[in-house]
Amino acid sequence: MRLPVSVRRRYERLSSLPEGFLAFGDAICSFNPAYGQGMTVAAAEAVVLRDCLLKGSSQDLAQRFFAGAAKLIDVPWDIAVGADLRYPEVEGPRSAKVGFLNGYVARVHQAAVSYPAAGGVFLAVANLMAPPTRLFSPGILSRVLWSAVPTWPSARHRRASAA
Ligand SMILES: Cc1cc2nc3c(=O)[nH]c(=O)nc-3n(C[C@H](O)[C@H](O)[C@H](O)COP(=O)(O)OP(=O)(O)OC[C@H]3O[C@@H](n4cnc5c(N)ncnc54)[C@H](O)[C@@H]3O)c2cc1C
């Protein structure tokens with residue numbers, strides 16, 4: 001898709017910014033387009049900017065906006081970059097959190113085979129319509145744990161194996 005990397009620029013970490021300067025959308029963070037998040041994030045940033053304009057002064061507008069945008073970007077960034085890091089050829093640091101989440105999401109996919117609601121929640125989270133905590137709601141968590149339990153061979157299967 002002509003975008004070889006996901007890029008996140010941490011404007012919120014700058015101690016001083018040029019006056020009247022604001023970055024937005026892909027200029028703050030561009031994701032692998034495969035996950036279809038960029039327009040949603042840009043639209044959500046517009047809401048953050050609106051709220052910043054309604055509250056506080058224009059003096060620290062950029063700092064407040066970048067801080068709000070950073071919080072917003074954390075989730076889609078973790079989803080997109082974490083999912084890309086499943087592939088061994090993708091370069092980037094693989095934290096314990098990335099490993100845990102990718103393992104958990106793989107189990108959610110497995111659980112969705114027999115429990116379609118798990119698939120629905122996964123799609124809602126991936127499409128930024130629900131917070132990632134929904135993946136850990138009791139209903140999904142119990143199905144994920146259940147799907148991890150090894151299934152014992154049925155009596156018929158045992159007989160067939162013995163034969
Ligand atoms: C192949 C592909 C598929 C995608 N699919 C999805 C999807 O399904 N869902 C989704 O949510 N997101 C998707 N995205 C991401 C989405 O397109 C971007 O995140 C979104 O367009 C970012 O908006 P933006 O305004 O920041 O940048 P852009 O939409 O890139 O707008 C920047 C504009 O600035 C102009 N420009 C650049 N330089 C200058 C200059 N020097 N002077 C004047 N103008 C300039 C450009 O011509 C452009 O019109 C996809 C991206 C790609 C590449």
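This briefing goes through the overall fold, the ligand surroundings, the charged pairs and a few individual residues of the structure.

The model is a predicted one, and its protein chain contains 6 helices and 2 strands, which follow one another from the N terminus in the order β-β-α-α-α-α-α-α. The chain has 163 residues, 27% of them buried, and it is accompanied by a ligand that has 10 residues around it. The structure holds 5 salt bridges, and three of these are described below, together with a buried glutamate that has no salt bridge.

**Chain as a whole**

- The accessible surface of the protein chain amounts to about 11,000 Å², and carbon and sulfur atoms account for 62% of that surface.
- Among contacts in the protein chain with a separation of 6 or more, 57% are made by residues 24 or more positions apart.

**Ligand surroundings**

- Of the 10 residues around the ligand, those that come nearest are Gly25, Asp26, Gly36, Gly38 and Met39.
- Two oxygen contacts can be listed: a polar side-chain atom of Asp26 lies 2.7 Å from an oxygen atom of the ligand, and a backbone N or O atom of Met39 lies 2.8 Å from an oxygen atom of the ligand.
- For Gly38 the partner is a nitrogen atom of the ligand, which is 3.4 Å from a polar backbone atom of that residue.
- The ligand on its own has 1,000 Å² of accessible area, of which the protein covers 34%.

**Glu45 and its setting**

- Glu45 is found in helix α1, which spans residues 38–54, and although Glu45 is buried, no salt bridge is formed by its side chain.
- The nearest side chain of opposite charge is that of Arg8, at 8.5 Å, and the pair therefore falls outside the 4 Å limit for a salt bridge.
- Apart from neighbours within four places in sequence, Glu45 is in contact with Phe24, Gly25, Ile28, Phe65, Ala69, Leu72 and Ile73; one of these, Gly25, is also among the residues that come nearest to the ligand.

**Salt bridges**

- Arg8 forms a salt bridge with Asp74, with the closest N and O atoms 3.0 Å apart; this pair links distant parts of the chain, since Arg8 belongs to strand β1 and Asp74 to helix α2 (residues 61–84), 66 residues apart.
- Within that pair, Arg8 counts as buried because its relative accessibility is 15%, whereas Asp74, with a relative accessible area of 32%, is partly exposed.
- Lys97 forms a salt bridge with Asp78, the closest N and O atoms being 2.8 Å apart, and here too distant parts of the chain are linked, Lys97 being in helix α3 (residues 96–112) and Asp78 in helix α2, 19 residues apart.
- Both partners are partly exposed, Lys97 at 48% relative accessibility and Asp78 with a relative accessible area of 35%.
- Arg64 and Asp60 form a further salt bridge, with 3.0 Å between the closest N and O atoms; Arg64 counts as partly exposed at 23% relative accessibility, and Asp60 is partly exposed at 32%.

**Pro4 and helix α4**

- Pro4 lies in the segment before β1 (7–8) and counts as exposed because its relative accessibility is 77%.
- The C-alpha atoms of Pro4 and Asn32 are separated by 7.9 Å, although the two residues are 28 residues apart along the chain.
- In helix α4 (residues 116–126), the buried residues are Ala118, Gly119, Val121, Ala124, Val125 and Ala126, and the helix is followed by Leu128, whose phi is positive, near 60°.

Methods. Residues are numbered from 1 along each chain as its sequence is written. This is a predicted model: local features need pLDDT of at least 70, side-chain atom pairs count only at pLDDT 80 or more; totals for chains, interfaces and linings use all residues. Side-chain values use heavy atoms; hydrogens and water are left out. Helices (H or I, at least four residues) and strands (E, at least two) are DSSP runs, numbered from the N terminus. Buried means under 20% relative accessible area, exposed over 50%, partly exposed in between (1.4 Å probe, protein chains only). Lys and Arg count as positive and Asp and Glu as negative; His and the chain ends are not counted. Contact means heavy atoms within 4.5 Å. A residue is near a molecule or strand if one of its heavy atoms lies within 4 Å of it. A polar contact is a pair of N or O atoms within 3.5 Å; within protein, one must be able to donate a hydrogen and the other to accept it, and residues adjacent in sequence count only if both atoms are side-chain atoms. Accessible areas come from the Shrake-Rupley method with a 1.4 Å probe; for residues, only the protein chains shown count as cover.
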